[in-house]
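This report looks at two places in one model, a pocket and the surroundings of a ligand. Please keep the sequence and the structure in view while reading.

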Amino acid sequence: MENKFKKSNELYKIANDVYAPTGQIYFFDLVIDSGEGSIIYDIDGNEYIDLLSAASSTNVGHKNPKVVEAIKTQAEKLIHYIPGYFHNELIIDVSKKLIDITPGDFSKKVLFSNSGSAANDAIIKFSRAYTGKKIVLSFTGSYHGTTYGSMSLSAVSLNMRRKMNPIVPEVEYIKFPNLYEKYDNETEKEFVDRYWGYFTDMLKTHIPVDDIAGIIIEPIQADGGFLKTPVEYMNRLYEFTRKNNIVFSVDEINQGLARSGKMWSIDHFNIKPDILTTAKSLASGMPLSAIIGKSEIMDSLEAPAHVFTTAGNPICLAASKSTIEVIEDENLVERSRDLGEYAKEKFNKLKDKHKVIGDVRIFGLNGGIELVKSRESKEPDYESAGKLITYLKENGVLMITVNGNVLRFQPPLIISKHELNKSFDIIEEGFRLLEKGSLNIDIDKKIGW
Ligand SMILES: Cc1ncc(COP(=O)(O)O)c(C=O)c1O
């Protein structure tokens, strides 16, 4: 039979010799060539409906014409001049816009970096500088990035620790309140009490409250498995920071910019964070991240504590300005919310049919489908997840897993209903074959991390 992934397979063999393994989480041999809207083409000419958006980096779609035009126009004018020395106009434009669209009507300032990781590093810097304290608290299951600072805030993969310790000191991890771990006979209030208890135990045994500088949280954990923080827990956490002079920061790098059916995932809660970080879709995948924080906090450090030669690059900022305009002009928050409800119904119907689906967690056009060996034990079913995403890829739908057993669903927010329905037809068939035991796919390499 003709191998329709021939070029991809060949290039992966070469890549193994020239590209370091830590730079790619392996799912299958796939070399991307081009993309448009919600469609991706590989180097062999195969077409896929993209249910990933390049890890939530292309919320406005691949090659969005307005973003492409903005990039081209700026490239003709100036590719780069170091914003660490002299401003360009776009720095002011995009900063003003971000101040405007982020929660909180207090005075704010913005700072750009090149990656989500670097933005989260700044959270450690500002929390310590502003409060004069040292300890930063993060959550188990969180993914905040892979620079030393942001990796130290993360607690989701041993590969982000092995052979690299010691990490940045004085970071501690609170057990994340994952509602999928709620006991059957427990109410949500009892569950929150139990998890709040885990946290307050830490304060009684080894973390002096007076030494805590900051807390960082993904209001909806993404790589951790698409887990929304219970509202009551979030409220207690925020109140705790108000009482104890602690900087409260939210990481919106994955879940921000309309992804969760709100502009920011913290908008699911009635909370105005001290600092918010954003990246990925901020400039449609061009390297740009931003920290938006209360002015008094953002004034607590001096240059060059967080200067990067290429942070605030004008082409990236032009892409960002037009991306935000598209999100607003095309009502992508509402679109994400409404199509997300539609997708949730579809996935829940699949759950009714297939017991391999343990949980469906959809927030906007965004979420995770947890595959388990049994609903009682909730034991992760890595093999089924690996087989399923491989089947989907071979049949024109691009999906991967987080945590090994949670299907990641993050299509571009401009995806048409027709494309969405088409992808659901293929997903449904995949689950049908999986249940019948006829997904004869050999997973020869380890998938995911
Ligand atoms: C929630 C979250 N924070 C931070 C990061 C790191 O961003 P970057 O890969 O741009 O450094 C990611 C990337 O996946 C993320 O999902």
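How many nonpolar, polar and charged residues are there, by class, in the lining of the second largest pocket? The model shown here is a predicted one, and in it that lining has 16 nonpolar, five polar and three charged residues.

The second largest pocket holds about 620 Å³ of space, and among the 24 residues that line it, those nearest its centre are His 87, Val 110, Leu 111, Phe 112 and His 306. Helix H4 (89–101) and strand E4 (108–113) are the elements that give two or more residues to this lining, and E4 gives the most, with four residues.

Turning to the ligand, 13 residues surround it, and Gly 116, Ser 117, Tyr 143, Asp 251 and Lys 280 come nearest. By class, this shell divides into two nonpolar, seven polar and four charged residues, and its largest share, three residues, comes from helix H5 (residues 116–131).

The table lists polar contacts of the ligand with the protein.

| Residue | Protein atom | Ligand atom | Distance |
|---|---|---|---|
| Gly 116 | polar backbone atom | oxygen | 2.9 Å |
| Tyr 143 | backbone N or O atom | nitrogen | 3.2 Å |
| Asp 251 | polar side-chain atom | nitrogen | 2.7 Å |

Alongside these contacts, the ligand taken alone exposes 390 Å², of which the protein buries 83%.

Note on methods. Residues numbered from 1 in each chain as written. Predicted model: local features only at pLDDT ≥ 70, side-chain atom pairs only at ≥ 80, totals over all residues. Heavy atoms only, no water. Near = heavy atom within 4 Å. Polar contact = N/O pair within 3.5 Å; in protein donor to acceptor, adjacent residues only side chain to side chain. Areas by Shrake-Rupley, 256 points an atom, 1.4 Å probe, with all protein chains shown as cover. Nonpolar A, V, L, I, M, F, W, Y, C, P; charged D, E, K, R; others polar. 1 Å grid on protein atoms, 1.4 Å probe; cavity = no way out; pocket = protein on both sides within 12 Å on 5 of 7 lines; lining within 4 Å. Points joined across faces, edges and corners; volume = space filled by probe spheres on them.
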